[in-house]
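Reader: I've got a structure open and want to learn how to read its backbone oddities and its empty space. Can we walk through it together?

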Amino acid sequence: MTLTLYNTLTRRQEPFETVEPGKVKMYYCGVTVYDYCHLGHARACIVWDVIRRYLQFIGYEVRYIQNFTDIDDKILNRARVENSSMEAVADRFIKAYFEDMARLGIKEADEYPRATHTMNGIQRLIHELENKGFAYPADGDVYYAVRQFAEYGKLSGRKLEDMQAGKSDRVNVEDPEYQKKKDPFDFALWKAAKPGEPAWESAWGAGRPGWHIECSAMVRDRLGDTIDIHAGGADLIFPHHENEIAQSEAVTGKPLARYWLHNGMVKVDGEKMSKSLGNFTTIRDLLDRGVDPMAVRLFVLTAQYRTPIDFTDEAIAAATNGWHTIKEGLLFGYQYGKKLGWELEKGENSPIENSDVERFQEIVNNDFNFPGGLTVLFELAKELRREGHILVHEGKTETSPDKLKHQWQTLVTLAGVLGLEAEIEAETDKNNGLSDAEIEAKIQQRQEARQGKNFAESDRIRDELQAEGITLIDSRDGTRWHRN
């Protein structure tokens with residue numbers, strides 16, 4: 001059951017082999033913090049969160065780094081509009097990011113480097129590029145000389161001669177930045193300070209870094225010259241990730257990453273998400289409308305991570321129904337465990353090994369096939385739900401309690417790998433205005449009323465219990481009950 005991944009760099013699926021056995025160094029190009037996170041961010045963060053969880057599940061020690069781009073034209077523009085500062089805007093939306101991700105059940109990265117906290121590493125990398133002949137200063141700016149890097153385009157598959165054919169029509173030769181460049185394809189590593197903008201002192205004068213150099217420096221500072229997985233959205237392949245490779249590998253002479261993984265984009269009702277179309281949805285707006293965060297996770301995981309997904313009302317409704325099924329299975333042990341004679345310790349999470357786990361792993365090992373892996377969870381959840389209904393109506397199950405316990409523990413384990421977790425106390429205790437003993441006492445009172453032919457009182461007790469979320473089931477063997 002070897003894990004294989006589709007590598008954007010080689011354009012094929014390959015066995016996963018890490019630089020250091022048993023350890024994974026993973027970097028995800030995070031968000032530019034100028035606004036609230038949207039559905040595209042939700043998909044990316046859920047995908048890489050689950051991939052990290054899965055790698056840990058199959059035994060890897062994962063060091064996961066995610067950056068924040070906290071200096072950018074969009075951040076500066078927002079600061080101007082709000083009469084604020086770049087730092088204040090960045091801090092506000094970093095705080096909002098953590099709030100949104102917590103609601104989605106995203107585990108925090110091991111570290112969150114920020115561009116403004118990595119200036120020494122950024123400037124050191126630019127100096128090395130300059131010394132090796134891959135960068136040149138130009139009136140306070142510093143540019144990367146693209147044609148000096150012979151492998152430029154290897155990630156995206158683009159060739160400079162092909163790009164040049166279509167670029168001449170779009171170049172503004174009067175643009176001061178264009179006039180500074182030796183070649184139209186060169187890109188900025190360092191930008192000279194503009195009036196009223198934050199700036200850092202450097203050998204080239206006061207200024208700030210270009211976008212691409214930030215990630216190269218943060219990867220190198222936190223994870224070293226070569227990492228195992230470099231992750232991000234498909235929209236970052238060119239130019240951002242292509243430029244990262246050119247910058248980093250020109251200095252180190254080593255591959256920046258063994259595997260380049262990219263998640264597909266999110267559409268809304270078949271259209272690209274944009275504010276101008278009015279279909280731009282933030283994570284908090286979605287969740288504040290009452291959509292269950294676990295349904296959002298399930299929606300994301302029902303699509304292969306590299307393919308586009310279409311966010312529609314129908315799709316989120318289907319994901320919500322699917323989550324209800326899995327949630328019923330996850331709550332089975334807490335609702336029926338005592339009746340089945342289980343001894344449960346809160347937080348019990350012993351390793352599970354069985355054919356269902358093996359099947360799940362065999363499926364997911366095929367390029368993180370989480371949609372396929374979900375079929376195993378749905379099978380377990382539906383079986384537990386069926387047994388729960390039988391237990392409620394007939395007072396016993398068709399399957400042995402020990403086997404049911406093992407199925408339930410398997411479901412809980414695999415759901416945890418996908419970050420799907422039911423709020424146990426909220427779900428099982430929300431009707432706990434009455435304890436089990438109080439419910440049994442009321443059932444006894446109702447039985448006595450029925451025996452005395454006081455059917456009005458009997459109906460009143462039934463209605464009272466129903467209002468508390470307790471359903472009674474009468475049979476020849478007596479009255480059973482369950483919480484709705």
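Reader: Where does Asp-367 lie?

Author: This is a predicted model, so keep that in mind as we go. Asp-367 sits in the loop between helix 12 (355-364) and helix 13 (370-394). Its phi is near 55 degrees, a positive value in a residue other than glycine.

Reader: Is Asp-367 buried or exposed?

Author: Buried means under 20% relative accessible area. Asp-367 has 2%, so it counts as buried.

Reader: And what about Asp-269, is that one buried or exposed?

Author: Exposed, because its relative accessibility is 53% and the cut-off for exposed is over 50%. Asp-269 also has a positive phi, about 50 degrees, without being a glycine. You'll find Asp-269 in the loop between strand 11 and strand 12 (271-272).

Reader: Which peptide bond is cis?

Author: Look at the one from Phe-238 to Pro-239, with omega near 5 degrees. Pro-239 belongs to helix 8 (residues 237-252).

Reader: Now the empty space. How much lies in the largest pocket?

Author: The general idea first: rolling a probe the size of a water molecule over the atoms shows where empty space is left. Here, the largest pocket holds about 1,000 Å³. It is lined by 36 residues, and the closest to its centre are Tyr-34, His-38, His-41, Lys-74 and Asp-235.

Reader: Which helix gives the largest share of that lining?

Author: Helix 1, with four residues. Among the other elements that supply at least two each are helix 7 (211-223) and strand 9 (227-233). By type, the lining splits into 14 nonpolar, 13 polar and nine charged residues.

Technical notes:
Residues numbered from 1 in each chain as written. Predicted model: local features only at pLDDT ≥ 70, side-chain atom pairs only at ≥ 80, totals over all residues. Heavy atoms only, no water. 1 Å grid on protein atoms, 1.4 Å probe; cavity = no way out; pocket = protein on both sides within 12 Å on 5 of 7 lines; lining within 4 Å. Points joined across faces, edges and corners; volume = space filled by probe spheres on them. Nonpolar A, V, L, I, M, F, W, Y, C, P; charged D, E, K, R; others polar. Buried < 20%, exposed > 50% of the residue type's maximum accessible area, 1.4 Å probe, protein only.
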